[in-house]
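Let us walk through this structure from its sheet outward. Keep the sequence and the model side by side.

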Amino acid sequence: MKGGRTARRVFEFGRTYVVKPKGKHQATIVWLHGLGDNGSSWSQLLETLPLPNIEWICPTSPSQPLTLFGGFPTTAWFDISDLSEDAHQDVESMDASAAHVLSLLSTEPPNIKLGVGGFSMGAATALYSATCFSHGKFGNGNSYSTHLDAIVGLSGWLPCAKDLSNKVEGEEAANRASSLPILLCHGKGKYFKNLII
């Protein structure tokens with residue numbers, strides 16, 4: 001810390017993989033991988049889906065030390081200190097990841113539907129992007145300028161949930177929040193009961 005200011009971290013995102021639509025391009029979804037994964041594995045899976053009108057953009061998160069893993073570096077959209085609701089929220093990394101998603105969507109044609117989705121930590125980041133869209137701002141107060149048409153989350157959670165009621169205040173934010181379709185799916189059964197992240 002110098003002069004009362006903390007240094008900002010630099011976030012170096014990995015390679016981005018794009019699955020082009022096989023039919024008429026009607027929607028683009030940025031799909032975010034889970035903890036320790038990368039965009040390549042999801043792009044290979046998404047390419048096999050019978051959804052010919054969607055372009056899938058599959059970025060890779062930065063590799064960073066994860067507090068939950070004792071500082072072991074892994075690909076992660078943000079840091080996790082522990083799994084409790086009272087855990088420290090790494091808003092700086094979440095903002096950087098949501099801003100990266102925004103930059104990936106910024107070059108899409110105006111008539112294309114835009115969405116963000118993900119698995120596990122990627123779903124959490126997609127939901128964080130939804131709160132930024134609803135609020136009209138990132139957690140740091142900078143403007144969130146892109147319209148979102150859909151959010152998809154598989155086996156994820158809502159980061160900063162305790163602060164959500166403070167973010168979606170006022171008629172404009174409530175209208176944005178209520179206009180955004182969100183699909184959340186979470187497995188239940190013997191294969192999912194031990195899944196932590």
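The paragraphs below take up the sheet, the helices on it, a salt bridge and two unusual backbone angles.

This is a predicted model, in which local features need pLDDT of at least 70, side-chain atom pairs count only at pLDDT 80 or more, and totals for chains, interfaces and linings use all residues. Residues are numbered from 1 along each chain as its sequence is written, and side-chain values use heavy atoms, with hydrogens and water left out.

Start with the sheet. It is open, has 6 strands in the order 1-3-2-6-7-8, and its pairing is mixed. Strands (E, at least two residues) and helices (H or I, at least four) are DSSP runs, numbered from the N terminus. Two strands pair if DSSP finds at least two bridges between them. In general, strands of a sheet pair through backbone hydrogen bonds, either parallel or antiparallel. Strand 1 (17-19) and strand 8 (182-185) are the edges; each has a single partner strand, so one side of each lacks a neighbour in the sheet. From one strand to the next, the twist averages 15 degrees.

Now look at one edge. Strand 1 and strand 3 (residues 54-58) run antiparallel and are joined by 3 bridges. Here Val18 stands opposite Ile57 of strand 3.

Helix 1 (residues 39-46) packs on the sheet and touches strand 1, strand 2 (27-32), strand 3 and strand 6 (113-119). Contact means heavy atoms within 4.5 Å. The direction of helix 1 makes about 160 degrees with that of strand 3. Such angles run from 0 to 180 degrees between N-to-C directions; axes are lines fitted to C-alpha atoms, for helices over the stretch in contact. Leu45 belongs to helix 1. Leu45 is partly exposed, at 42% relative accessible area. On this scale buried means under 20%, exposed over 50%, and partly exposed in between, with a 1.4 Å probe and protein chains only.

Helix 3 (residues 121-135) lies across strand 2, strand 6, strand 7 (150-154) and strand 8, at about 145 degrees to strand 6. How does helix 2 meet helix 3, and at what angle? Helix 2 (residues 91-105) packs against helix 3 at about 85 degrees, with the axes 10 Å apart. The two helices are therefore roughly perpendicular, a term that covers 65 to 115 degrees. Val91, Met94, Asp95, Ser97 and Ala98 of helix 2 meet Thr125, Tyr128 and Ser129 of helix 3. These contact residues divide into 4 nonpolar, 3 polar and 1 charged. Ala, Val, Leu, Ile, Met, Phe, Trp, Tyr, Cys and Pro count as nonpolar, Asp, Glu, Lys and Arg as charged, and the others, Gly among them, as polar.

The whole structure holds 1 salt bridge, meaning a side-chain nitrogen of Lys or Arg within 4 Å of a carboxyl oxygen of Asp or Glu. It joins Glu55 and Lys20 (3.1 Å, N to O). Glu55 sits in strand 3 and Lys20 in the loop between strand 1 and strand 2, 35 residues apart. Glu55 is buried at 5%, whereas Lys20 is exposed at 56%.

Last, the backbone. Most residues other than glycine have a negative phi. Ser120 has a positive phi of about 60 degrees. Ser120 lies in the loop between strand 6 and helix 3 and is buried at 1%. Phi of Ser155 is also positive, near 50 degrees. Ser155 is in the loop between strand 7 and helix 4 (164-167), and at 9% relative accessibility it counts as buried.

How values were computed:
Parallel < 35°, antiparallel > 145°, perpendicular 65-115°, else oblique.
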